[in-house]
Amino acid sequence: MKFVLFSLLVLTTALPAADKKPKAMRTKDIRVGETLLADNFDSEKLDAKWLFNKGGGEFGSKFPIKDGALELDQGGAQGAVIWREFPTQTQDGAIQLLVKPWACNWIAFGFYGPPDEVDKRPAAHRKLAIVVSKAGGVVIRDVKSQDSLKAVNLKLAPEEWHRVCFESKGEQITIQVNDRVVLEYKTGLTTGPKAGMLINLYGGKGSVDEIEVKAALVK
């Protein structure tokens, strides 16, 4: 009996690092107000409010819910891209989510602006992205030029969950990872109305969870 109890104790207390999820963080530079998006992926199927390209058949990207998280699977496509529109637009706001790039080159996320008559694709109206790589780096990237605006190598373990918070306030960008400010940058690419958020992955499979987007509190 003692051996059984000891074995159960070991199994309970020695959870693998990949299952540990860092706690939610407080924003640094903005006071948050309205929740624009929140999804813990605790249902069997992906919420229909999330949109993605449906083409490609068996060779297209896939977005299954596995173990209470969203898996992004590039499949045979050029990449995996998924997005969701906010119920109301915001000028300033914060995206916070859990990221695990366990079998891909990188996972990126960011805001996109309102579509226009020329090009309605959300991806065409995303100016910058926050990239978390399997190699452990975090990058603020200009989407159009693909230039790295600012980067830091945190040596993040790809098989573990990492909580990332992206704050956009005017021209100011603040990035926190696992409750620590790791990047700050100023650019006009983060200004303007924000209509939704987009996540994309390249080079295999990865996971995201506990996504929450909040608008800045307007005084």
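Which side chains meet in a salt bridge at 2.7 Å, N to O? They are those of Arg 163 and Glu 210. The legends below describe close-up views of a predicted model, beginning with this pair.

**View 1. The salt bridge of Arg 163 and Glu 210 links distant parts of the chain.** The side chains of Arg 163 and Glu 210 meet at 2.7 Å, N to O. Arg 163 belongs to strand E11 and Glu 210 to strand E15, and the two residues are 47 apart in sequence. Arg 163 is buried, at 5% relative accessibility, whereas Glu 210 is partly exposed, with a relative accessible area of 25%.

**View 2. Strand E11 is largely enclosed by the rest of the structure.** E11 covers residues 162-169, and 7 of its 8 residues are buried. Strand E6, residues 93-103, is joined to E11 by 7 bridges, and the two run antiparallel. Within this pairing, Val 99 stands opposite His 162 of E11. E11 is also joined to strand E12, residues 172-177, by 6 bridges, again with an antiparallel course. Here Phe 166 stands opposite Ile 175 of E12. In the hairpin of E11 and E12, 2 residues lie between the strands, and Gly 170 takes a positive phi near 60°.

**View 3. Cys 104 and Cys 165 are buried, and the structure holds 0 disulfides.** Cys 104 has a relative accessibility of 2% and counts as buried. For Cys 165 the relative accessible area is 0%, so this residue is buried as well. A search of the whole structure for disulfides finds 0.

**View 4. Lys 186 is an exposed residue of strand E13.** Strand E13 spans residues 181-186 and includes Lys 186. With a relative accessibility of 61%, Lys 186 counts as exposed, because the cut-off for that class is over 50%. Leaving aside residues up to four places away in sequence, Lys 186 touches Glu 171 and Gln 172. The C-alpha atoms of Lys 186 and Thr 174 are 8.9 Å apart, and these two residues are separated by 12 places in sequence.

**View 5. Glu 184 and Lys 28 meet in a salt bridge.** The N to O distance between their side chains is 3.4 Å. Glu 184 lies in strand E13, while Lys 28 lies in the loop between helix H1 (2-13) and strand E1 (32-39), so the pair ties together parts that are 156 residues apart in sequence. Both ends are partly exposed: Glu 184 has a relative accessible area of 34%, and Lys 28 has a relative accessibility of 46%. Lys 28, Asp 29 and Glu 184 are linked in a network of salt bridges. The count for the structure comes to 9 salt bridges.

**View 6. Asp 73 and Lys 205 form a salt bridge.** Their closest N and O atoms are 3.9 Å apart. Asp 73 is in strand E4 (residues 69-73) and Lys 205 in strand E15 (residues 205-216), so the pair ties together parts that are 132 residues apart in sequence. At 13% relative accessibility, Asp 73 is buried; Lys 205 is partly exposed, at a relative accessible area of 30%.

**View 7. The largest nonpolar core has 40 residues.** Ile 175, Met 197, Ile 199 and Ile 211 touch the most other members of this core. Strand E15 supplies the largest share, 4 residues. Not counting residues up to four places away in sequence, Ile 211 touches Leu 37, Ala 38, Asp 39, Phe 41, Trp 50, Gln 96, Leu 97, Met 197 and Ile 199. Another core lies apart from the largest one and has 6 residues, including Ala 108, Ala 129, Val 131 and Val 139. In soluble globular proteins, nonpolar side chains tend to be buried together.

**View 8. Confidence along the chain.** The protein chain has a mean pLDDT of 91, and 90% of its residues reach 70 or more. Over residues 1-15 the pLDDT is below 50. Beyond near neighbours in sequence, this stretch has 1 contact in the model.

Conventions: Residues are numbered from 1 along each chain as its sequence is written. This is a predicted model: local features need pLDDT of at least 70, side-chain atom pairs count only at pLDDT 80 or more; totals for chains, interfaces and linings use all residues. Side-chain values use heavy atoms; hydrogens and water are left out. A disulfide is a pair of cysteine sulfur atoms within 2.5 Å. Buried means under 20% relative accessible area, exposed over 50%, partly exposed in between (1.4 Å probe, protein chains only). pLDDT is the predictor's confidence in each residue, from 0 to 100. Contact means heavy atoms within 4.5 Å. Two strands pair if DSSP finds at least two bridges between them. A salt bridge is a side-chain nitrogen of Lys or Arg within 4 Å of a carboxyl oxygen of Asp or Glu. A nonpolar core is a set of buried Ala, Val, Leu, Ile, Met, Phe, Trp, Tyr and Cys residues joined through side-chain atoms within 4.5 Å.
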